[in-house]
Amino acid sequence: MFPTPYSLLPVPCSLFPVPFGKVMTFISPKTDFAFKKIFGSQESKPILISFLNALVYHNQPLIQDLEIIDPYQSSPLPILKDSFLDVKAKLRNGSLVIIEMQVLQVESFARRVLYNATKAYSLQLGKGEGYRYLKPVIALTITDFVMFPEHNQVISNFKLREETTNINYIENHLQLVFVELPKFEKQLEELEQLDELWMYFLKNAPFLETVPPQMAEKPEFQQAFGIASEANLSRKDLEELGKREMFIHDQQGLAIFAEKQGKKQAKEEIARQLLPLLDNETISQTTGLPVEEIEKLREG
């Protein structure tokens, strides 16, 4: 057991004052920049604990403390995702949680999620260390698109199980949790559970003018809305946020173009736009085009 329940952890709301009842403007938590700022900064520990308990542990306060880890150094290109991980945390029992907020549906995204989870698992061991030191990895992926159209369930939880008997694998160290925001359709007056409050926050924060009463009474939401308030962001932060939102809008426009012009032509157009920004291998992973074709586009 951990020494301090998450609900009793200090929440430094004074760092991000929110004048409740006053009309305000909030940034969208769905951009990677905003998501990292709200959930991945060092002062965000109470927010992330509440978020993970809600979405991974079915609203049970099982996580009582954690360590937030910077997954990678920031990219010098502000319009690009810093990495395939937005937030990384280590629980008191040693388990690793990797979290990604994904707005754009890209080629082979499901494989990328699995790759990141297994990579995080394998990289735990140093040279000469035994397998007994491996700890579980939980990959929490929030998508702004539908990944599993065959059902209407908003949160999906995958673990290794035997096909016939449905028993868990002996060392069930890999857990994939998906939250599909388009499937979440509850209105403010219908919200009851903590996970519903967090999904509503992710989906609707930029459309709110005040902090909803159901959230204003919870310290972790006070802090989250404070960080998300445009009034508490620097000019540099707002400029970087604007660039990232513009990049997302451009890519969404290219996706519409793809439907009209054909996938092959659209992929090549996306690749051309990425040539000054990324290497051939990364462009290939992003678009699904072979590296050889990327090389031809660069040479041409």
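Colleague: How many salt bridges does the count come to in this predicted model?

Modeller: The count comes to seven salt bridges. A pair is accepted when a side-chain nitrogen of Lys or Arg lies within 4 Å of a carboxyl oxygen of Asp or Glu. One of the pairs is formed by Asp65 and Lys45, with an N to O distance of 3.3 Å. Asp65 sits in the loop between helix H2 (45-55) and strand E1 (66-69), whereas Lys45 belongs to helix H2; the two are 20 residues apart, and the pair links distant parts of the chain.

Colleague: Which residue besides Lys45 should one examine around Asp65, and what is the N to O distance in that salt bridge?

Modeller: Arg92 should be examined, since its side chain meets that of Asp65 in a salt bridge at 2.8 Å, N to O. This pair also links distant parts of the chain: Arg92 lies in the loop between strand E2 (87-91) and strand E3 (96-102), 27 residues from Asp65 in the loop between H2 and E1.

Colleague: Are these residues buried, partly exposed or exposed?

Modeller: The reading rests on relative accessible area, where buried means under 20% and exposed means over 50%. Asp65, at 12%, is therefore buried. Lys45 has 28% relative accessibility and so counts as partly exposed. Arg92 is likewise partly exposed, because its relative accessible area is 46%.

Colleague: What of the salt bridge between Glu180 and Lys183: how far apart are the closest N and O atoms, and is each residue buried or exposed?

Modeller: The closest N and O atoms of Glu180 and Lys183 are 2.9 Å apart. Glu180 has 0% relative accessibility and so counts as buried. Lys183 is buried as well, because its relative accessible area is 15%. Elsewhere, salt bridges that share partners join Lys45, Asp65 and Arg92 into one network.

Colleague: Turning to the nonpolar interior, which residues of the largest core touch the most other members?

Modeller: The largest nonpolar core has 54 residues, and those touching the most other members are Phe39, Leu48, Phe51, Leu52, Ile142, Trp198 and Phe201. Leaving aside residues up to four places away in sequence, Trp198 touches Phe39, Ile47, Ser50, Phe51, Ala54, Glu220, Phe221 and Ala224. A second, separate core comprises 14 residues, among them Leu96, Phe109, Phe145 and Leu176.

Note on methods. Residues are numbered from 1 along each chain as its sequence is written. This is a predicted model: local features need pLDDT of at least 70, side-chain atom pairs count only at pLDDT 80 or more; totals for chains, interfaces and linings use all residues. Side-chain values use heavy atoms; hydrogens and water are left out. Helices (H or I, at least four residues) and strands (E, at least two) are DSSP runs, numbered from the N terminus. Buried means under 20% relative accessible area, exposed over 50%, partly exposed in between (1.4 Å probe, protein chains only). A nonpolar core is a set of buried Ala, Val, Leu, Ile, Met, Phe, Trp, Tyr and Cys residues joined through side-chain atoms within 4.5 Å. Contact means heavy atoms within 4.5 Å.
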